[in-house]
Amino acid sequence: MNSHRPNPSPISTLFSSSPYKFFLSFPPLLATSINRKRQRFTSLFLLLFLFLCLSFATSMAVSDSDSGPVVHTTPLVTFLQRLQLTAIRSCPKKPDPKVYIDLSLKLPHDLSTVESVFDDLTAGSRDMSVPVEKLKKFVNEYFDPAGKDLVHHEPEDFVSDPTEFLLNVENKQVRVWAREVHCLWKTLSGRVSDAVIESPDRHTLLPLPEPVIIPGSRFREVYYWDSYWVIKGLLTSKMFTTAQGLVTNLMSLVETYGYVLNGARAYYTNRSQPPLLSSMVYEIYKVTKDEELVMKAIPVLLKEYEFWNSGKHKVVIRDASGNDHILSRYYAMWNMPRPESSVFDQESASGFSSTLEKQRFHRDIATAAESGCDFSTRWMRHPPNFTTMATTSVVPVDLNVFLLKMELDIAFMMEIAGDKNGSERFVKASEARKKAFEIVFWNEKAGQWLDYWLSSNGDEPETWKAENQNNNVFASNFAPIWISSFHSDENFVKKVVKALENSGLIAPAGILTSLTNSGQQWDAPNGWAPQQEMIVTGLARSDLKEAKVMAEEIARRWIRSSYRAYKTSGTIHEKLDVSEIGEYGGGGEYKPQTGFGWSNGVILTFLEEFGWPSDLSIIEP
């Protein structure tokens, strides 16, 4: 991977900004006040003074705060980070740090009283640790358990055997299993409790207007991009009301914060996730023809579109002819340890010597979380060294795929709404972004699209350089095939199919996330449901026979592996080890999770798309 670092600021620039301006004017003023007989001494003094000013300024430049945006969390979140640290340092078996950040303040206690009691509890400890039994007593007395503020909800549109459910799944064994996967929606369904709505400051869970579908396990709240594949599955399950409720919830977040949050928690307000809200609305409309939903969605989507195409998210790449191409990057509004993984982030940043280095690292960690792919060697300047994480310096292929899709979706919806001018404007925007894909991302020799590394901080236009493309192979390199702009050209698809065949990504149980086994969960040997579905759907939608055959083969491998893992473990997993049929994935900063929203959705989507013949075994490939 190429290494690109921003150019250091000139000293003149450094001194022209606060707090250094007064240093430039102060020495001359000082000099005029000194007796002429001391000119020689004064000259020496001024040289020494300027040297000290320069040293001070340079020191301040290194330790000064990160200049990027920060959206602060709530007082409860701040306190729970302290509690989380104490728990990690006190418990012999390290607990999941997210458990502590998801606690709710128990009535009738107020936060200031709880903080005082906690201060007394930890007063005699140098490292914030306390006896485990005392910690448990404190937590039980003052907090409700994580997850208690999300109560079970029976979906009103759930039926155990929906009409016309997976009619092309002929194999009885597969049909029985598909119904079991379908029934998992009930276990993942919930609603935010009235307590959250009445006293939001006592919870980190955010209020939402409609029932929710959560991913499962430690993920006890709605997540943004997960919801797209959940909705795909819900539509297969004929749960249209539940699907529309998920969209309503996400739109409410845009109306409140200006963007969809990473997840519906107070500690996620500083970042978003891959923007798929328009795709969710589009999928629902295709089935229900609900024009009212489209009309409600348009102003919300325009607001979200602005978020992703302005400020720090916006980047401009200039081609050799001097033409500017506007693209987007992930950029979290945060430069501190993530509250849900505070201890993990502090430990990872412990090797950095300056505050500024730590802040930049924390921002890049949070930005990787905004990408949804946390974590991966994609974001590292020198993989697999985790401390070289530099996500804000990457212009990602897949993010811009999602935004191109958003432009096409908005154009489509404006056409429905009768706004011809608006529709044409977004068609032009999509054409401009497609052109940017050709110039910035596409690599003819590789036959795939490659992420682009910025040479500077991304605030100003920079000229495209071939060496800035990341030549490492990732599943995300093939994400553009998902949308019609790219899978409608048969000759183009041929190149992509050949590249995918030769990439090394196609494994016995699906598509590898990368070719590097770094120990991070978004690297080999793991495969993830979203990437399987995007690539498979794109290939299947093309007119190329070889692409359709490849799509079906990958889908069947994924289904078989999911089935075997389910029969072995009794549950659906968030990720699979695709190097072997029936193995679930691992790696990363938390234990492998089960449930699991988007995995369920993709299984049902694949079965809907490809069916399963009666004479085709689900066990043997």
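This report describes the salt bridges, a charged surface patch and the strand pairing of one protein model. The model is a predicted one.

**Salt bridges**

Across the whole structure, 33 salt bridges are found. Three of these pairs are set out in the table below, each with the separation of its nitrogen and oxygen atoms.

| Basic residue | Acidic residue | N to O distance |
|---|---|---|
| R265 | D102 | 3.6 Å |
| K286 | E283 | 3.5 Å |
| K434 | E438 | 3.7 Å |

The salt bridge between R265 and D102 joins distant parts of the chain, with the two positions 163 residues apart in sequence numbering. R265 lies in the loop between α11 (240-257) and α12 (277-288), whereas D102 lies in the loop between α5 (97-101) and β1 (104-105). R265 counts as buried because its relative accessibility is 0%, a value under the 20% cut-off for that class. D102 is likewise buried, with a relative accessible area of 0%. Both residues also belong to a network of salt bridges that links K98, D102, R220, E221 and R265.

The pair K286 and E283 is set within a helix. These residues are 3 residues apart in helix α12, so about one helical turn separates them. As to exposure, K286 is partly exposed at a relative accessible area of 40%, while E283 is buried at 10%.

K434 and E438 are also placed within a helix. They are 4 residues apart in helix α17 (residues 420-441), and therefore about one helical turn separates this pair. K434 has a relative accessible area of 26% and is partly exposed. E438 is partly exposed as well, with a relative accessible area of 39%.

**A patch of negative charge**

On the surface, D489, E490, E501, D543 and E546 gather in a patch of negative charge. One of these residues, E546, is located in helix α21 (residues 545-569). E546 counts as partly exposed because its relative accessibility is 43%, which falls between the 20% limit for buried residues and the 50% limit for exposed ones.

**Strand pairing**

Strands of a sheet pair through backbone hydrogen bonds, in either a parallel or an antiparallel sense. Both senses are described here.

An open sheet of 3 strands runs in the order β3-β4-β5, and its pairing is antiparallel. Its edge strands are β3 (150-152) and β5 (212-213), each of which pairs on one side only. Strand β4 (residues 189-192) pairs with β5 in the antiparallel sense over 2 bridges. Within this pairing, S189 stands opposite I213 in β5.

Strand β6 (residues 314-318) takes part in pairings of both kinds. With strand β7 (residues 324-328), β6 pairs in the antiparallel sense over 5 bridges, and K314 stands opposite S328 in β7. The hairpin of β6 and β7 has 5 residues between the strands, and G322 there takes a positive phi near 85 degrees. With strand β12 (residues 462-463), β6 pairs in the parallel sense over 2 bridges. In β12, E462 is the bridge partner of I317.

Notes: Residues numbered from 1 in each chain as written. Predicted model: local features only at pLDDT ≥ 70, side-chain atom pairs only at ≥ 80, totals over all residues. Heavy atoms only, no water. Patch = residues over 30% accessible without salt bridge, like charges linked within 9 Å, V, L, I, M, F, W, Y side chains within 5 Å. Areas by Shrake-Rupley, 256 points an atom, 1.4 Å probe, with all protein chains shown as cover. Salt bridge = Lys/Arg side-chain N within 4 Å of Asp/Glu carboxyl O. Lys, Arg positive; Asp, Glu negative; His and termini not counted. Charge placed at Lys NZ, Arg CZ, Asp CG, Glu CD. Buried < 20%, exposed > 50% of the residue type's maximum accessible area, 1.4 Å probe, protein only. Pairing = 2+ DSSP bridges.
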